[in-house]
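Subject: Structure handover

Hello,

Here is the structure I promised to pass on. Please open it first, then read my notes underneath.

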Amino acid sequence: MRNHTPVTEFLLTGIPHTQGLEHMLFVFFLTFYLLTLVGNLLILLAILTSSNLHTPMYFFLGNLSVFDIFFPSVSSPKMMLYLLGRSRTISYQGCACQLFFYHFLGCTECFLYTVMAYDRFAAICHPLRYTAIMNPRVCAILTLSTWIGSSVHASVLTFLVFKLPYCGPKEVGNFFCDISVVLPLACADTSLAQTVSFTNVGVVALLCFLLVLTSYTRIVISVLRISSSEGRHRAFSTCSAHLTSVLLFYGPVVLVYLQPASSSWLESVVPLFNNIVTPSLNPLIYSLRNKDVKLALRKALIQGVHT
């Protein structure tokens, strides 16, 4: 180690097998990034300006929109810059920041989907006690807990990865810094960091998924007990948007972990889907079939035009 110079910057190699497609990819990513920003800002505008949407479900949806704005912002600006021919290098500190915020925001979204599933469970399975169960104090505690838990989770992972020495090579085999592509560049034993990070990420994702699954199992049982078909349809319609978002969030992750052989292309494209595509789809998912959101958004836009 004494004969090696510590790495002060890393080189992002980008998405494998996309040479010559830089300009097309730039337009693609820029389009989805702008859709993400505009869509989630409109959802926030509708929730903040309409008193009818000041309920626990829309409070958590507003939080989700905030994190959907920041999540793609961790990697998209840097990625679009190097697609335009700018430098592919990222500083050591910048790489650490990317890794921290990627896992902080990703873990927060994972926790938020779990809390939103519990909110739907309380609304459908205990409608008469819903306002007491999901009172403002409980909503604030749940939201604060997701932030604190995610911050601890990301801090542990970032510390384990970047306490290791890096002395070359410095080519990061992806379009942003993540554990799986940064750890192999370390000049020391990475077994502890690999074990803890894999266990930490796996336990958090699996626990959240099981809690969501438990909530929806109880919801389905309760809905099937409703005698009228209209009542069942109304109950299911309140959950359809959240369930779609959960499937979009967990589907790509499951695809990576259950693939029979490792694929560098798939391991780059799947995070790309979670980083860019899913945050842009969430506003559409939560507004297209939601009359309250569409009405509030229409009112807010009309007021803005008149002002």
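**The pocket and its lining**

Helix H9 contributes the most to the lining of the second largest pocket, with eight residues. Keep in mind that this is a predicted model.

The second largest pocket has a volume of about 600 Å³. Its lining counts 24 residues. Nearest the centre of this pocket are Met57, Tyr58, Ser237, Thr238 and Asn290. Five elements you can look up give two or more residues each to the lining: helix H2 (56-73), helix H4 (92-125), helix H9 (229-257), helix H10 (264-288) and helix H11 (291-306).

What is the make-up of the lining by class? There are eight nonpolar, nine polar and seven charged residues.

**The sheet**

Next, the strands. Three of them form an open sheet with mixed pairing, in the order S2-S1-S3. Strand S2 (89-91) and strand S3 (171-172) are the edge strands, and each pairs on one side only.

Strand S1 (residues 9-12) pairs with S2 in the antiparallel sense, over three bridges. Glu9 stands opposite Ser91 of S2. Phe10 has Ile90 in S2 as its bridge partner.

On the S3 side, S1 and S3 run parallel and are joined by two bridges. Here Leu12 stands opposite Val172 in S3.

Which side chains of S1 are buried, and which are not? Phe10 and Leu12 point to one face and are buried. Glu9 and Leu11 point to the other face and are not buried. In a regular strand, side chains alternate between the two faces of the sheet. S1 shows that alternation.

So two buried residues of S1 can be placed by partner as well: Phe10 is buried and is bridged to Ile90 in S2, while Leu12 is buried and stands opposite Val172 in S3.

**Annotated segments**

Last, the record. An unreviewed UniProt entry carries the annotation "transmembrane region" for residues 25-48, 60-80, 138-162, 201-224 and 236-258.

I can give you the model's view of two of these segments. Residues 25-48 are 100% helix and 0% strand, with the end C-alpha atoms 34 Å apart. Residues 138-162 are also 100% helix and 0% strand, and there the end C-alpha atoms are 36 Å apart.

Best wishes

How values were computed:
Residues numbered from 1 in each chain as written. Predicted model: local features only at pLDDT ≥ 70, side-chain atom pairs only at ≥ 80, totals over all residues. Heavy atoms only, no water. 1 Å grid on protein atoms, 1.4 Å probe; cavity = no way out; pocket = protein on both sides within 12 Å on 5 of 7 lines; lining within 4 Å. Points joined across faces, edges and corners; volume = space filled by probe spheres on them. Helix = DSSP H or I, 4+ residues; strand = E, 2+ residues; numbered from the N terminus. Nonpolar A, V, L, I, M, F, W, Y, C, P; charged D, E, K, R; others polar. Pairing = 2+ DSSP bridges. Buried < 20%, exposed > 50% of the residue type's maximum accessible area, 1.4 Å probe, protein only. UniProt positions renumbered as here; feature names shortened; annotations may be inferred.
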